[in-house]
Protein chains: 2
Amino acid sequence: MENEQYTVPGFKASATIAGLKKGNALDMGLIVSETEAAAGGVFTTNKVRAAPVILCERHLEKGRARAIIVNAGNANACTGARGLDDALTTADLAAEALGINSGEVLVASTGVIGQPLNMEKVEKAVPVLAGNLSSKAIPRTARAMMTTDSFPKMSRFDGQAGGRPYRIVGIAKGAGMIMPEMATTLCFLLTDIQIEPEDLKKALLSSTNATFNRITVDGDTSTNDTVLILANGLTGNTSLSEQEMGLFSRGLRQVMGDLARMIVLDGEGATKLIRVEIKNAASASDALRAARTVANSSLVKTAIYGQDPNWGRIMAALGRSGINMIEERVDIWIDQVRIVSRGLGRGPAAEKEAAAVMCKKEFTLSIDLHEGVYHDSILTCDLTHEYVSINADYRT
Amino acid sequence: MENEQYTVPGFKASATIAGLKKGNALDMGLIVSETEAAAGGVFTTNKVRAAPVILCERHLEKGRARAIIVNAGNANACTGARGLDDALTTADLAAEALGINSGEVLVASTGVIGQPLNMEKVEKAVPVLAGNLSSKAIPRTARAMMTTDSFPKMSRFDGQAGGRPYRIVGIAKGAGMIMPEMATTLCFLLTDIQIEPEDLKKALLSSTNATFNRITVDGDTSTNDTVLILANGLTGNTSLSEQEMGLFSRGLRQVMGDLARMIVLDGEGATKLIRVEIKNAASASDALRAARTVANSSLVKTAIYGQDPNWGRIMAALGRSGINMIEERVDIWIDQVRIVSRGLGRGPAAEKEAAAVMCKKEFTLSIDLHEGVYHDSILTCDLTHEYVSINADYRT
């Protein structure tokens, strides 16, 4: 897992087995910036917010941070005052081991909701994490934060600013309880570019909106969704021109888009990745709402699993979504195969062709409403027997 | 299947194998009132409306009808002008065979969306239906309209008005694509009470709201949802007193409540029936929204299948539902076992006790928000491997 590809100048990481996850697996990770970094975060819109989310918001007020400590196996959510104490203690322990201020440490947790964190195990693990930092260990941290994930999610972008090369590396986790409204499960982004915290935050928000806010696995928004970014400025570039800021934003979007796609690809039990694309909706909100409703419909998702171009379920989902639509205007495609033309099925030959496309691991389900000029799309996956198995047995 | 229990004076029914369903099964039914009956209907709120829904609304304008003809195997939805023609022709054929007006015939269809009805088969079946009418055949009609249902759904209520006994018999079908907003799949109600069409409609609407609008299987609202009621007046009662009207409404609610419960019990692949009860919400809409969000959460439904009192998923669903809530106020019970007290878990002993309750086929999941005075509840079922199997293979 360790390799040169996912290093960023000035950042070190480590991971260890704290014993918070079942089995003998990496379950705690640490990321440290050698110098103070510009920092930003985006968090869940769920009204039930985990303790580390509350703590991160507090520690990000000044737009600067030095470290991220993360655990899997326990979400430290719905844990009340004790949960917030535990998150704070975790930050204190990391700060002490690293010789920095506790307010410079960001904390993230993922796993089972409603159980107190085993602080004895955390206390033992923190010095191990601090003692094993390596510039090559970012992939190990990505592995340590996995829960029902089947692979660690990493992406990298290389850019230039003021004639100097910089890098963005992102790692993420997530496979279930995924329909972010402002963020997703956990995603950490590291870069050596020099950038103002306000510019960093602006780029992070717009990129989150275009990537992590456009995916769904099961329509459930987590209590712990967290995206964090640290920019340590080691590149030493001069202040960013508009063009350079544009490149950085595109790079960030590329890395986050990669990671978001990997999360859906690794959706619990998923066998297929589908882009649900809405064209020519009457409003931007209609476009998004139509895409979300189709992408979350259990009947559409099981039909995709069955490789059945059952477009009646797509029409029914559109019809109940609450958008402006007229049945007789709707066109539907599976990749290049048009299966519905002006609200009517194009017959068995077209469906047979579409069924063949649906055997692929990835395809686009495209819906033209012919109502207006607004477009949007959502990445989703199919609903399978394996999804049920994973989630019926999660805690047992 | 034929028995005396489900007869109503003045009503006859029949069923036949038209060949619209796969296999050799009953798939068309006819219900006829010997005399003109007061009639009412409630239909899907889906913007994509099946042809028979459009026709029924038209034929119900005068509040009177004589017959209901129903088919399974094909929903006659998303079939355009041809679909409406076919629904009209079906009514014409039935009217001709029965010697009544076409405008007195109500039409209902259920099954696959987007395929034209095979009118040759319908044409052959209608005279068979008209020639085999029997007062004892209502259960056969209930069987003929089944799709993925595993049993026919019937209920009866006996009342008195003006010293004369009357009866309400209801039949319904439905197992998937179930989250009615104004009705559900198909439900036919027959009574021999004498009642004004306006009173009938009022009772039907309020009863639909309390029963069929409070169930969900998969969160998908059908294009064909139809509830029809015929009251032939054979009881010959004098006009209803307020008390008698109250009894009739309660009777209707009892029959429709029974049928709605059976639909969830027969939910595709379901092994359990759960009442999700919200107490003390800040508003009526919050109570309903909270109940719906929890009742439709894939994560909650799979946890119920796994008999796991994973209340973190319930809290997460409440948190994303958009209602007014404060985590620290929430109490959660599984039947009589409290598993969450003021937002915090009550520990392994309580969860073990709750897990034992969850082994039952039916239980109540009760959530007290402590925000206001509004209550509501939704009947739902679990999400199982069998649901995925049924819906991945539906058309193949």
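Trainee: Which residues of helix H3 (residues 119-131) of chain B are buried?
Mentor: This is a predicted model, in which local features need pLDDT of at least 70 and side-chain atom pairs count only at pLDDT 80 or more, while totals for chains, interfaces and linings use all residues. Residues are numbered from 1 along each chain as its sequence is written, and chains are lettered from A and ligands numbered from 1 in the order in which they are written. A residue is buried if 20 or more other C-beta atoms, placed from the backbone, lie within 10 Å of its own, exposed if 12 or fewer do, and partly exposed in between; helices (H or I, at least four residues) and strands (E, at least two) are DSSP runs, numbered from the N terminus. In H3(B), the buried residues are B:Val122, B:Ala125, B:Val126, B:Leu129 and B:Ala130.

Trainee: What end-to-end C-alpha distance does H3(B) have, in view of its 13 residues?
Mentor: The expected span of a helix is 1.5 Å times one less than its number of residues. For H3(B) this gives 18 Å, which agrees with the separation of its end C-alpha atoms, 19 Å.

Trainee: What covers the buried residues of H3(B)?
Mentor: Contact here requires that the C-beta atoms of two residues, placed from the backbone, lie within 7 Å. The cover of the buried residues of H3(B) includes strand S1 (11-16), S2 and H2 of chain B.

Trainee: How far in space is B:Ser206 from B:Val126, C-alpha to C-alpha?
Mentor: B:Ser206 belongs to helix H5 (residues 197-210) of chain B. It counts as partly exposed because 13 C-beta neighbours are found inside 10 Å. B:Ser206 and B:Val126 are separated by 80 residues in sequence, and their C-alpha atoms by 34 Å.

Trainee: Against which elements do the buried residues of helix H1 (residues 51-59) of chain B pack?
Mentor: The buried set in H1(B) consists of B:Ala51, B:Pro52, B:Val53, B:Leu55, B:Cys56 and B:His59. Their packing partners in chain B are strand S2 (28-43), strand S3 (64-74), helix H2 (80-98), strand S4 (105-112) and strand S8 (226-231).

Trainee: Which residue of S3(A) stands opposite A:Ala37?
Mentor: Strand S3 (residues 64-74) of chain A is mostly covered, with 10 of its 11 residues buried. Seven bridges join it, in the antiparallel sense, to strand S2 (residues 28-43) of chain A, two strands being paired if DSSP finds at least two bridges between them. Opposite A:Ala37 in S3(A) stands A:Ala65.

Trainee: Which strands stand at the edges of the open six-stranded sheet of chain A?
Mentor: In this sheet, pairing is mixed and the order is S12-S11-S10-S13-S9-S14. An edge strand has a single partner, so one side of it is left without a neighbour in the sheet; in chain A this applies to S12 (344-345) and S14 (374-381).

Trainee: At about what angle to S11(A) does helix H10 of chain A run?
Mentor: Axes are lines fitted to C-alpha atoms, for helices over the stretch in contact, and angles run from 0 to 180 degrees between N-to-C directions. Helix H10 (residues 347-357) of chain A lies across S10, S11, S12 and strand S13 (362-368) of chain A, and its angle to S11(A) is about 135°.

Trainee: Which residue in the hairpin of S10(B) and S11(B) takes a positive phi?
Mentor: S10 (residues 331-334) and S11 (residues 337-341) of chain B run antiparallel and are joined by three bridges, with B:Trp333 opposite B:Arg338. Two residues lie between the strands, and the positive phi, near 50°, is taken by B:Asp335.

Trainee: Which residue of chain A comes closest to the rotation axis?
Mentor: Chain A superposes on chain B by a rotation of 180° with 0.0 Å of shift along its axis (RMSD 0.0 Å), the fit being by least squares on the C-alpha atoms of residues with pLDDT of at least 70 in both copies. The copies are thus related as by a two-fold rotation axis. At 2.5 Å (C-alpha), the residue of chain A closest to this axis is A:His385.

Trainee: Which helix gives the most to the side of chain A that touches chain B?
Mentor: In all, 50 residues of chain A are in contact with 50 residues of chain B. Helix H8 (298-305), helix H9 (311-320), S12 and helix H11 (385-392) of chain A each supply at least two residues to that side. With eight residues, the element that gives the most is H9(A).
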